[in-house]
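This report introduces a protein structure to a reader who has not met it before. Please consult the sequence and the 3D view while reading.

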Amino acid sequence: MSQDETANPASAPRGCAVVTGASSGIGAATAVHLASLGYEVVLGARRKDRLEEVVARCAGRGRALPLDVADPDSVAAFAAEVERCDVLVNNAGFARGTESVAEADEAAWTAMYETNVLGTLRVTKAFLPLLIASGDGQVITIGSVAGREPYEGGAGYNAAKHAVTAMTRVLRLELRGQPVRVCQIDPGMVETEFTLNRLGGDAEGASAVYAGMTPLVAQDIAECVGWVATRPPHVNIDAMTVLARDQTSARVVHRRS
Ligand code: 8X3
């Protein structure tokens, strides 16, 4: 790819991008954005009906496949349907609960670990051969500020996302000499269904999280993914933390009264 094409990504022919958790939020916005940049996009998620709605916004360059990253058989079946992968966006993940360590719900911890950590591992493992074969593969994992900075009430999610951060860093080391770049993008507060899910559907609680501040939106992170993906092959953006201007660290937020 020439520097000119990099500067004007929409004009460049692209390869194939795989996006997990693509039925909503950051995953959906990323799939649509990568399609707008010219990528053929394979969208994976459990909710096939919602995936199809996202595919309809992918300019004819999207394909929906069922995927539950917490299920090894589902990951294997998903990967078997994909012949080419230049960019893998590991986005599937969630938080559940805000209990203290003393009150920790082990089922919630297990579920978070299963999807955020093992899910990311399974999908990455499944696609590494295609990424290497592409000659310029990229793994872009959506981590979280929670994987960089622990906060009270966040232990289960903090632990899972810190594990993701560790895995990303190890992968980067282990792929030395291979034609695969590895990046982790760590968003802070992004207004999506994330918080509503974390709080078990408590809409009032979820809107209080963003009260008086301006959070990021999914498109902000999608554009970061697109920028990382379209750097020239010799450039590896190792990590990127993206916070709203009002959020100065994981739990320090400026709110207008
Ligand atoms: C989401 C960011 O601050 O809710 O990954 O943990 S936070």
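Along strand β7, which side chains point to one face and are buried, and which point to the other?

## Strand β7 and its partner

The structure discussed here is a predicted model. Strand β7 covers residues 239–242, and its side chains alternate along the strand. M240 and V242 point to one face and are buried, whereas A239 and T241 point to the other face and are not buried. This arrangement can be set beside a general rule. In a regular strand the side chains alternate between the two faces of the sheet.

Strand β7 pairs with strand β6, which spans residues 180–187. The two strands run in the parallel sense and are joined over 4 bridges. One residue pair can be named: P187 has V242 of β7 as its bridge partner. V242 is also one of the buried residues of β7.

## D186 in strand β6

Strand β6 also contains D186. Is D186 buried or exposed? Its relative accessible area is 0%, so D186 counts as buried.

Two polar contacts involve the side chain of D186. One, at 2.5 Å, is made with the side chain of R148. Another, at 2.8 Å, is made with the side chain of Q184. As for its position relative to A102, the two residues are 84 residues apart along the chain, and 27 Å separates their C-alpha atoms.

## Strands β1 and β2

A further parallel pairing links strand β1 (residues 16–20) to strand β2, with 5 bridges between them. Within this pairing, V18 stands opposite V42 of β2. Strand β2 comprises residues 40–45, and 5 of its 6 residues are buried; it is therefore largely enclosed by the rest of the structure.

## Helix α2

Helix α2 runs over residues 25–36 and has 12 residues. From its first C-alpha to its last it reaches 17 Å, close to the 16 Å expected at 1.5 Å a residue.

Why can α2 be described as largely enclosed by the rest of the structure? The description holds because 10 of the 12 residues of α2 are buried. Among them are I26, A29, V32, H33 and L34. Just after the helix, G38 adopts a positive phi of about 110 degrees.

## Helix α5

Helix α5 extends over residues 106–133 and contains 28 residues. The distance from its first C-alpha to its last is 40 Å, close to the 40 Å expected at 1.5 Å a residue. At the start of α5, a side-chain oxygen of D105 comes within 3.0 Å of the backbone nitrogen of A107.

Where does α5 bend? A bend of about 45 degrees is found at F127, and the proline P129 follows within four residues. After α5 comes G135, which has a positive phi near 85 degrees.

## The ligand and its surroundings

Which residues are found around the ligand? They are S144, V145, A146, Y151, Y157, G188, F194, R198 and R251.

Three of the side chains can be described through their distances to ligand oxygen atoms. In S144, a side-chain N or O atom is 2.6 Å from an oxygen atom of the ligand. For Y151, a polar side-chain atom lies 2.5 Å from a ligand oxygen atom. For Y157, the corresponding distance from a polar side-chain atom to an oxygen atom of the ligand is 2.8 Å. Taken alone, the ligand exposes 250 Å², and the protein buries 89% of that area.

## Two loop residues

A59 belongs to the loop between α3 (48–55) and β3 (62–66). Its phi is near 55 degrees, a positive value in a residue other than glycine. Most residues other than glycine have a negative phi. A59 has a relative accessible area of 55% and is therefore exposed.

T230 is found in the loop between α9 (218–229) and β7. With a relative accessible area of 1%, T230 is buried. A polar contact of 3.3 Å connects the side chain of T230 with that of R231.

Terms used: Residues numbered from 1 in each chain as written. Predicted model: local features only at pLDDT ≥ 70, side-chain atom pairs only at ≥ 80, totals over all residues. Heavy atoms only, no water. Buried < 20%, exposed > 50% of the residue type's maximum accessible area, 1.4 Å probe, protein only. Pairing = 2+ DSSP bridges. Expected span 1.5 Å × (residues − 1). Bend = angle between axes of the 7 residues up to and from the residue. Polar contact = N/O pair within 3.5 Å; in protein donor to acceptor, adjacent residues only side chain to side chain. Near = heavy atom within 4 Å. Areas by Shrake-Rupley, 256 points an atom, 1.4 Å probe, with all protein chains shown as cover.
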